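Biologist: I should be grateful for a close look at one part of this model, and for an account of how that part sits within the whole.

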Protein chains: 4
Amino acid sequence: MSHNSFGHLFRVTTWGESHGPAIGCVVDGCPPRLRLSEADIQPWLDRRRPGQSKFTTQRQEPDAVRILSGVFEGQTTGTPIALVIENVDQRSRDYGEIAERFRPGHADLAYELKYGIRDYRGGGRSSARETAMRVAAGAVARAVLGAGVRIRGALVQMGPHRIERGRWDWAAVDENPFFCPDPVAAVAWEEYLSAVRKAGSSCGAVIEVVAEGVPPGLGAPVYGKLDADLAGALMSINAVKGVEIGDGFAVAAMSGAEDADELRMQDGVVAFGSNHAGGILGGISSGQPVVARFVVKPTSSILTPRLSVDRHGREVEVVTKGRHDPCVGIRAVPVGEAMMACVLADHLLRHRAQNPDAPAVARLPRN
Amino acid sequence: MSHNSFGHLFRVTTWGESHGPAIGCVVDGCPPRLRLSEADIQPWLDRRRPGQSKFTTQRQEPDAVRILSGVFEGQTTGTPIALVIENVDQRSRDYGEIAERFRPGHADLAYELKYGIRDYRGGGRSSARETAMRVAAGAVARAVLGAGVRIRGALVQMGPHRIERGRWDWAAVDENPFFCPDPVAAVAWEEYLSAVRKAGSSCGAVIEVVAEGVPPGLGAPVYGKLDADLAGALMSINAVKGVEIGDGFAVAAMSGAEDADELRMQDGVVAFGSNHAGGILGGISSGQPVVARFVVKPTSSILTPRLSVDRHGREVEVVTKGRHDPCVGIRAVPVGEAMMACVLADHLLRHRAQNPDAPAVARLPRN
Amino acid sequence: MSHNSFGHLFRVTTWGESHGPAIGCVVDGCPPRLRLSEADIQPWLDRRRPGQSKFTTQRQEPDAVRILSGVFEGQTTGTPIALVIENVDQRSRDYGEIAERFRPGHADLAYELKYGIRDYRGGGRSSARETAMRVAAGAVARAVLGAGVRIRGALVQMGPHRIERGRWDWAAVDENPFFCPDPVAAVAWEEYLSAVRKAGSSCGAVIEVVAEGVPPGLGAPVYGKLDADLAGALMSINAVKGVEIGDGFAVAAMSGAEDADELRMQDGVVAFGSNHAGGILGGISSGQPVVARFVVKPTSSILTPRLSVDRHGREVEVVTKGRHDPCVGIRAVPVGEAMMACVLADHLLRHRAQNPDAPAVARLPRN
Amino acid sequence: MSHNSFGHLFRVTTWGESHGPAIGCVVDGCPPRLRLSEADIQPWLDRRRPGQSKFTTQRQEPDAVRILSGVFEGQTTGTPIALVIENVDQRSRDYGEIAERFRPGHADLAYELKYGIRDYRGGGRSSARETAMRVAAGAVARAVLGAGVRIRGALVQMGPHRIERGRWDWAAVDENPFFCPDPVAAVAWEEYLSAVRKAGSSCGAVIEVVAEGVPPGLGAPVYGKLDADLAGALMSINAVKGVEIGDGFAVAAMSGAEDADELRMQDGVVAFGSNHAGGILGGISSGQPVVARFVVKPTSSILTPRLSVDRHGREVEVVTKGRHDPCVGIRAVPVGEAMMACVLADHLLRHRAQNPDAPAVARLPRN
């Protein structure tokens, strides 16, 4: 039982604070003889890196990852992979106020009540900076899953503005600063978010992550459910307040006939008439794409003065200055992908341990 | 790493199939010298028991729980508590069709692809019958949490029909067969669900669970987040497709100023101006009520014929007869409460291990 | 983290007290489609069963095991296997004295100091009765390992009397009441133990367990070492005070040249010149037989009066009457075998998850 | 389930290879507000550091530890503590031979069979260099245990030469290069080991670790036994082949009356007449000193030519040159202490979680 690890057979332990000397992680359980180098990890980190547009924090971090163990002559060895990123731009400033006062909506108060101490510089351990290591671990997870599994994420709602499903274009995702798959929405969002930013305000967002090529059989019937682990993993991302699988909350208003995906055969493999289930039945992957969504709250680091209290129990007012994202949900897209990759890699190993002869596709008859 | 356990320090392992001789669980890690007897557990099971109204399955199960270990002279001993319920009404029938054909929307296909074998009688391990043991374990968790923590659940949406928040009355919950806290809605729901049932159809539902009196400090900063564990626990309930904490998906459309709960002091304890966060900040309880919601899909066990396939890869049609709930979400209310209780009990023990001197309320200054 | 479970992928959780209604276990993680019935488990339990000779406790327990879940139509389903044994001969007696007084050398005092409560009847949870469930779980583990892995145990020392290695005969093990592989020693032991028993005294013993046919590659380099897990598993058996792998403590006096097993090739497979290492190199099985030994202390349940204290801190004298084994080490033989089986099954699954293409024998070149 | 972590609530994950850029560990679960700095860790590392006498490897490593996270303004914060040591003296050499040939008695062959790849430089992950991080983690564990718990280790046997118990002097331990508590033996050992070293040979050793001031109640009745976890932890140290608690294997030849420690009262606290049990009863600490011993085999890195095989299945001869310790057991003394500290810290937190009101000494009546 660890407070800073996730996964079981593919197990990731992260460490580090926003303004400490470095952040890092240990990936334990990675199978041997996979090709892996820093060049396989860096591109994913670059997608998450701050300071790439005016819509994300202006902190300048190259986020250059180093592999310190577990890889030999370009291949994984089966031993723990240690990854480290140095913190470079810990801008010098006076934290006196933030050290004493709790920012509403932040972890400050809860840390104080739990631990009686916290590294208040830039959020310390509760900073979104920790998610860089999730992205790095996710790159290793992709190596475990192999080229047959494709994991992509997109921002599907910014503030009150949702995308049009009919305009979904994966190619568009990398052509705007929002990971938005709807080119029309992306234009509108730019205007919207500029206004939010100028007002010193912030907005929430919804991210969707889709994994294609997932073999059937990942997950377990009761507490090792694939969707339960996904829900826990996505909810563990900073500022997330909700998670959905497949049609999510919309199923409340559906009938059983509408919701249940019908089955047909195609070339000896099960074909589904729809994917309301999001690729998971009874906690186990069915061979359909796995679809998850999560909502990220608007950051509470805003310029509006807010009522609060300080460590001594005195009532105060707080204004949060500094470098912050008006929509932290944007940079959560690669993080969500990474969590999906890690959960799938973990379950792939778990599934293989118990079912070495299971088919890689939804073939029937099974054997 | 166990597929059929949840929790770490308060750890529950369940076993049993719908139509086997019995179902049961082992609760490990319960502190010693708590008063506990079957009479403390049975009332919670009775709330979940099938056959209590025409809106739930007509299977007749007394669900009488027996304590087989871990309790001595009316007190817990600190050793594992084994709980068992005999299955009584495993109605004799011909399962030939269900053994061969996969019911759309059910776990059947995914089990077959994973294991190549399944106990098809009444859903086997994937039957909601397993949730009886969660409710039993939840009763033990309530003993761990003590009388100061109050956990209650309610159905807040049935099919497309939501309750009116302004009419919320906890007393109403036990006065209708739906655990509905809105007496007006309850009347309308009765009519609605009767129609669904008569049509051989089904509908989804949303459940809300609220825990009051939760001490601050439960949870951990990154992967041991209280909300992440809650999300995993609630998503592990059969047929759940989404989980929210506090305002959930609604935060996407809010600004940081609207979302962040302001802080004041009241008698040396932090008082919050609102509870958008659902009682959890940065993964750690803040002292406010913990609020979670989850959506349960409409059962796919319906009378409408559906396209499907069988074990041999042949295309077939499936109609699911038998004893089923038109709205399985109803009986998920006590299950959701139980999962909340188990997660909180687990985190209470975890918090205490690392922070034995932490205050039980959000007192400031802390020490 | 569970106090009453062991193993990770093949995970066993036991419950029950000596004088409660039943004892049981849950085996989680067993692969599907293995043949398993009560008839596969019962014979192993019968070997451990009390009351079979005058040298073991006279408690009469049929130890009839029932499978309550996880097996369907004679095959495992991949879901948790619940096993239960009813306690039958909980002889009625007055426990007043034992309830108050701590027996020297027993767990009584430590339980009191830890929990402030204990089920004192027959040792409660600390009774060797718990080991019946280990033997039952071990039978399931043997099914996982398959017929190619053969696990056998023997008593190699009783009191001060060791066997002669040169007379080791596996066939002799089942022909005396001591699991002694040395037919000559077995005769002498009978006389020795009769005298110990008549004197109301007790003696210790050393057990050796050997697993043949273990595939190479089980274990992990650092904390998941096969020998580390074996040591923990064997030390967890009641009354065990020491564990050795291979030559054990004798290696202290050896030189590197004497200790290191030389390697040759035989038909493409590595052949070893000796087995000082006990089949484990660097924490990983090498393909040689895995050899472990453990020592069981003399039971402190004896007729000799001993100085002690009671719950109230009063100094008293204690004489332990009742049904006890003069040499509890005898019945530890099947328990040691079972623990070896469980550890190997767990590591087989772990190894397979990370290394699906590893060879089943020490073949070179590997691929 | 992690291959490179140990502990549950006080959880240590290590990473790094002998000749990689660095080695490190993450300590998760450390309580907040403990004083901790590099100066608290470095002295323990200095005791283990290579190159301090002619009897240990001549590799020159300053082993300077850096804390990269989890400590703020001189205090632990409750978040993960990352510790790193750079590898400095990775002497350049030709590993061609060792890359291909398996050294008898080494992990080489087992790694090859498991993973099909290994970092052969200096033993890679199986190098004793990993134990530096155990010592560093042990220093953190000592901070958790506090000043009241004193953990000390000593070499009690070198080759065939045992110490005289009657001459045991803790002060002597730091006055000879062997951690020998018997000043007379230390002189003799110097001569003995010089001869071993000059002969290019090696010898085994036995280490004893004693923890005083351990509170009663640490451990759990069945699989969370304190002695089981100690046995696993000590057996996980490189080259260890046996572990004993208290009188260990000697109990085989004892009677129950000789072995069981009698109890008396002294100032309201239980006093024991002896400590054959090594401070653990029924898996739970009794308040007496916890005593464990383990044996370290002679290194097989010796100058004597040995028969072996290579990766291609060819029979070869191997001579191991390089920098090696003639008695690797010496440097295992601080490692054994560190493992004891880590296990006790873990169990202290586990005990506290379930039993917050348990007494810190063996007081009777308990409450």
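Biologist: Which residue follows helix 3 of chain A, and is its phi positive or negative?

Modeller: The model is a predicted one, and its confidence values may be stated at the outset. Chain A has a mean pLDDT of 94, with 97% of its residues at 70 or more. For the complex, the predictor reports an ipTM of 0.97 and a pTM of 0.97.

The residue in question is A:G116; its phi is positive, near 75 degrees. The helix that precedes A:G116 spans residues 108–115, and eight of its eight residues are buried, so helix 3 of chain A is largely enclosed by the rest of the structure. The buried residues run from A:D108, A:L109, A:A110 and A:Y111 to A:E112, A:L113, A:K114 and A:Y115. Both A:D108 and A:K114 are thus on the buried list, where a criterion of under 20% relative accessible area applies.

What do these residues pack against? Their partners belong to chain B: strand 12 (263–266), strand 13 (269–272), strand 14 (280–281), strand 15 (284–285) and helix 8 (332–354).

The relation between the chains comes next. A turn of 180 degrees, with a shift of 0.0 Å along the axis, lays chain A on chain B with an RMSD of 0.0 Å. The two copies use the same surface, since 100% of the contact residues of chain A recur in chain B. In chain A, the residue that comes closest to the rotation axis is A:G232, whose C-alpha lies at 2.2 Å.

In chain B, residues 226–235 form helix 6, and nine of these 10 residues are buried. Among them are B:L226, B:D227, B:L230, B:G232 and B:M235.

Chain B and chain C superpose with an RMSD of 0.0 Å after a turn of 180 degrees and a shift of 0.0 Å along the axis. These two copies are therefore related as by a two-fold rotation axis. Because 100% of the interface residues of chain B are also interface residues in chain C, these copies meet through the same surface.

Chains B and C also share the lining of the second largest cavity, which holds about 90 Å³ of space. Chain C contributes C:T77 and C:T79, while the residues from chain B include B:E17, B:D108, B:Y111, B:R118, B:D119 and B:R125. By class, the lining comprises two nonpolar, five polar and five charged residues.

Key:
Residues numbered from 1 in each chain as written. Chains lettered and ligands numbered in written order. Predicted model: local features only at pLDDT ≥ 70, side-chain atom pairs only at ≥ 80, totals over all residues. Heavy atoms only, no water. pLDDT = per-residue confidence, 0-100. 1 Å grid on protein atoms, 1.4 Å probe; cavity = no way out; pocket = protein on both sides within 12 Å on 5 of 7 lines; lining within 4 Å. Points joined across faces, edges and corners; volume = space filled by probe spheres on them. Nonpolar A, V, L, I, M, F, W, Y, C, P; charged D, E, K, R; others polar. Buried < 20%, exposed > 50% of the residue type's maximum accessible area, 1.4 Å probe, protein only. Helix = DSSP H or I, 4+ residues; strand = E, 2+ residues; numbered from the N terminus. Least-squares fit on C-alpha atoms with pLDDT ≥ 70 in both. Contact = heavy atoms within 4.5 Å.
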